[in-house]
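Trainee: I am new to this structure and would like a close look at its backbone. Could you take me through one part of it with care, and then connect that part to what else deserves attention?

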Amino acid sequence: MRLATFVDPQKGNDPRFGIVSGDTIIDVVAAADALHRAIPAATVKLALTSGAHTLAALKDLAAAADRAKLSRPIAGLKFLPPIPDPSKFFCVGKNNKKHREELKANKMLTEVPNEPTGFIKLIDAMSGDGDEVARPEGIVKLDYEPELCYVVGKRAHGVKKAEAMDYISGFTLTNDVSAREIQQREVASGSRFWTAKNMPGFAPVGPYVLTMDEVPDTENLWVTCEVNGQPRLRSNTSDYLYKIADVLEHFSRYVVFEAGDLIAMGAPSGVAVGQPNADELYLRPGDDMVIAFEGLMRLRTKIVAPKQR
C-alpha cells in the first residue's frame, strides 16, 4: 500500500490519512465512516506501527471503499510529510564510495569511516511534496541528495542483523538538502555539519510511504534527481556501503529507535558538489527539483528566494 498524509481543501486544513492507488486516494476515516466500519488507523504512523493485522484491515477497507466508489482524484490535494512526528529523523552519512570521493575532493571528508556514521535531521526541517524551500541569504552552494528512507515499525534496541528487517515497516523518499559552504566550514571546525543540513525545509519527505511488499527489494531501486526537467543524477540503492540491517544493528546497540522513526540511508554519487561544473548545478531560486524512485514515486521541491525579514 501507499500511505499518505494529506490536506483536502474541500474539508479544511486538518491533516488526513489516505491510501493512494494510481491517481486516486481513499480518505481512510471518511471511508470507514461511510461504510459504517471501525477505523483501523487514523494516521500513517499508526498504520505502520500497529502490526500486520492493521495493514490487513486497511487493505480490506480500501477494497470495500473502491467498490463503493469512495475514492477521489489526488489532483488538488496537498501531500504533507507522511509521518510528521517521528521521535527521530536519523541519517546515515558517507554511505556511498563515490560520494565519499566527492566529499574528500571538496575537503568535506577528513577520515574514511570503517563503520556506519550518522547525524540527525531536525523534525521541523521537514517539508512536503510541492513545498517551497527558501535558499537562505548568503548561501550559494545549495545541493540535493535524494535518498531512500526507511520507517521503523516497532521499538528497536539491541537488534541483530538477521532480525533487522522485522523492525522495518515501510520506505519513502527524502532529499537531504545541504548548504555545502556551511558543511565545509563545519567539517573544518570538527563538527558534524549540524547547521548545513537543518535549515528550514531542508528535509523534504514523501509524498507517501510504501509498505515493504510494494517492491521485491528496496536495495535495488533507481534513485534520480531532475532540476528544471534536466537529469542531474541516477544511482542505485545497491550502492550503499551499509544496508539497513547493518545500520540498525550498529546504532541500536546504544540508541533506541522508536516506532515511526525515520532512517535515511545516505547520499548517492552524482550530487552537484562532486561535478566539475558544480557552480552551474547548485540550486537557485526558481529551480524546480524532482527526486524519484523510478517507476514508483516522485517528490517535488521548489527553490525560492528568502523572504524579507
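Mentor: Asn228 sits in the loop between strand S15 (222-227) and strand S16 (230-236), and in this predicted model Asn228 has a positive phi of about 55° although it is not a glycine. That is worth a pause, because most residues other than glycine have a negative phi, and most peptide bonds are trans. As for its surroundings, Asn228 is partly exposed, with a relative accessible area of 43%.

His36 can be read alongside it: phi of His36 is near 55°, again a positive value in a residue other than glycine, and the residue belongs to the loop between helix H1 (28-34) and helix H2 (44-49). With a relative accessible area of 75%, His36 counts as exposed, because the cut-off for that word is over 50%.

The backbone has another feature to look at in the peptide bond from Gly206 to Pro207, which is cis, with omega near 5°; here Pro207 is found within a strand, namely S14 (residues 203-211).

For a view of buried residues, turn to helix H6 (residues 244-251), which is mostly covered, with 7 of its 8 residues buried. Those buried residues are Ile244, Ala245, Asp246, Val247, Leu248, His250 and Phe251, and what covers them includes strand S6 (89-93), strand S7 (117-121), strand S11 (146-152), strand S12 (168-175) and strand S17 (262-264).

Technical notes
Residues are numbered from 1 along each chain as its sequence is written. This is a predicted model: local features need pLDDT of at least 70, side-chain atom pairs count only at pLDDT 80 or more; totals for chains, interfaces and linings use all residues. Side-chain values use heavy atoms; hydrogens and water are left out. Buried means under 20% relative accessible area, exposed over 50%, partly exposed in between (1.4 Å probe, protein chains only). Helices (H or I, at least four residues) and strands (E, at least two) are DSSP runs, numbered from the N terminus. Contact means heavy atoms within 4.5 Å.
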